[in-house]
Amino acid sequence: IFLMQVRGIVVRSFNPKRLYTQKKLNINSIIIDNPTLFITNRRQPYNDVDSASKPKTLYEVISKAFKEASVKEISFNDIDFTFENRSDKPFKKTIIKNLNVHAVDLLIDSLSEADKERFYHTRKIDVSLKDYKIATPDSLYHLTFKKVSFSTSDKKLFIGNEFGWQTEFIALGVFIFVIGLLCILVLPSTPGEKLTKSSSPFALL
């Protein structure tokens, strides 16, 4: 089951004449504001039947209506996504809010399927997520990320802020340094034990 509701859709620079005369659908940008997606998965008996037929490509699906379909920019702003898995018990539900997806240069034609420079027919896809909270399997602890972002162009995942893991590692290094310094200054030494690189609290660094 797939349900979708949107607050607003903006389509810019659509050329109906080119669509009618050349069967080419070319759009400058599509902006979709606050889409709410609800997907329910329930396995059916026909899902377990192996199909020998090769699935159609996206171009093969649209080729009867269009020779080409392209969109320079597609933006999904502030997505609310809910996925409910009812195939197994207990039922599992995943909820993601504050999700943004931006796709650049979507092209569907006879050649784009084999273009290795494209990711799912696009030049790149940027995904960002704010204030994401995830629970451990036992639900005793929760991890909260202020910002998570990923780009297919450079294949890098950033967690925390625009500097990714850098800030977290710097803070962790400073914390370990302070703990090591306090150990040297405060904790009593063991008689006869010499301070070496291996026994120093700074060995953690």
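**A pocket between two strands and the surrounding fold**

The second largest pocket is lined by K92, K93, T94, I95, Y132, K133, I134 and A135. This pocket belongs to a predicted model, and the space within the pocket amounts to about 200 Å³. Two strands, β6 (92-108) and β7 (124-135), each contribute at least two residues to the lining. By residue character, the lining consists of 4 nonpolar, 1 polar and 3 charged residues. As a general principle, a probe the size of a water molecule, rolled over the atoms, reveals where empty space remains.

The chain as a whole was then examined. Its secondary structure comprises 3 helices and 9 strands, arranged along the sequence in the pattern β-β-α-β-β-α-β-β-β-β-β-α. Of the 205 residues in the protein chain, 21% are buried. The accessible surface of the chain comes to about 15800 Å², and carbon and sulfur atoms account for 60% of this surface. Among contacts with a separation of 6 or more, 54% join residues that lie 24 or more positions apart.

Confidence in the prediction varies along the chain. The mean pLDDT is 78, and 70% of the residues reach 70 or more. Among the elements, strand β3 (residues 24-33) has the highest mean pLDDT, at 94, whereas helix α3 (residues 166-186) has the lowest, at 56. Two stretches have pLDDT values that stay under 50. In one of them, residues 162-167, the model has 5 contacts beyond four places in sequence. In the other, residues 201-205, the model has 13 such contacts.

Individual residues illustrate how the strands are placed relative to one another. S29 is located in strand β3, the element with the highest mean pLDDT. Because its relative accessible area is 6%, under the 20% limit, S29 is classed as buried. Apart from neighbours within four places in sequence, S29 is in contact with V10, V11, R12, V71 and E73. Of these partners, V10, V11 and R12 fall within the residue range of strand β2 (residues 8-14), while V71 and E73 fall within that of strand β5 (residues 68-85).

F14 lies in strand β2. With a relative accessible area of 39%, a value between the limits of 20% and 50%, F14 is therefore partly exposed. When residues up to four places away in sequence are not counted, F14 touches L19, L25, N26 and I27. For one of these partners, N26, the C-alpha atom is separated from that of F14 by 6.3 Å, although the two residues are 12 residues apart along the chain. N26 falls within the residue range of strand β3.

F76 is found in strand β5. Its relative accessibility of 26% also lies between 20% and 50%, so F76 counts as partly exposed. Beyond residues up to four places away in sequence, F76 touches I32, P35, L99, N100 and V101. The C-alpha atoms of F76 and N100 are separated by 5.6 Å, and the two residues are 24 residues apart along the chain. L99, N100 and V101 fall within the residue range of strand β6, which also supplies at least two residues to the lining of the second largest pocket.

Notes. Residues numbered from 1 in each chain as written. Predicted model: local features only at pLDDT ≥ 70, side-chain atom pairs only at ≥ 80, totals over all residues. Heavy atoms only, no water. 1 Å grid on protein atoms, 1.4 Å probe; cavity = no way out; pocket = protein on both sides within 12 Å on 5 of 7 lines; lining within 4 Å. Points joined across faces, edges and corners; volume = space filled by probe spheres on them. Helix = DSSP H or I, 4+ residues; strand = E, 2+ residues; numbered from the N terminus. Nonpolar A, V, L, I, M, F, W, Y, C, P; charged D, E, K, R; others polar. pLDDT = per-residue confidence, 0-100. Contact = heavy atoms within 4.5 Å. Buried < 20%, exposed > 50% of the residue type's maximum accessible area, 1.4 Å probe, protein only. Areas by Shrake-Rupley, 256 points an atom, 1.4 Å probe, with all protein chains shown as cover.
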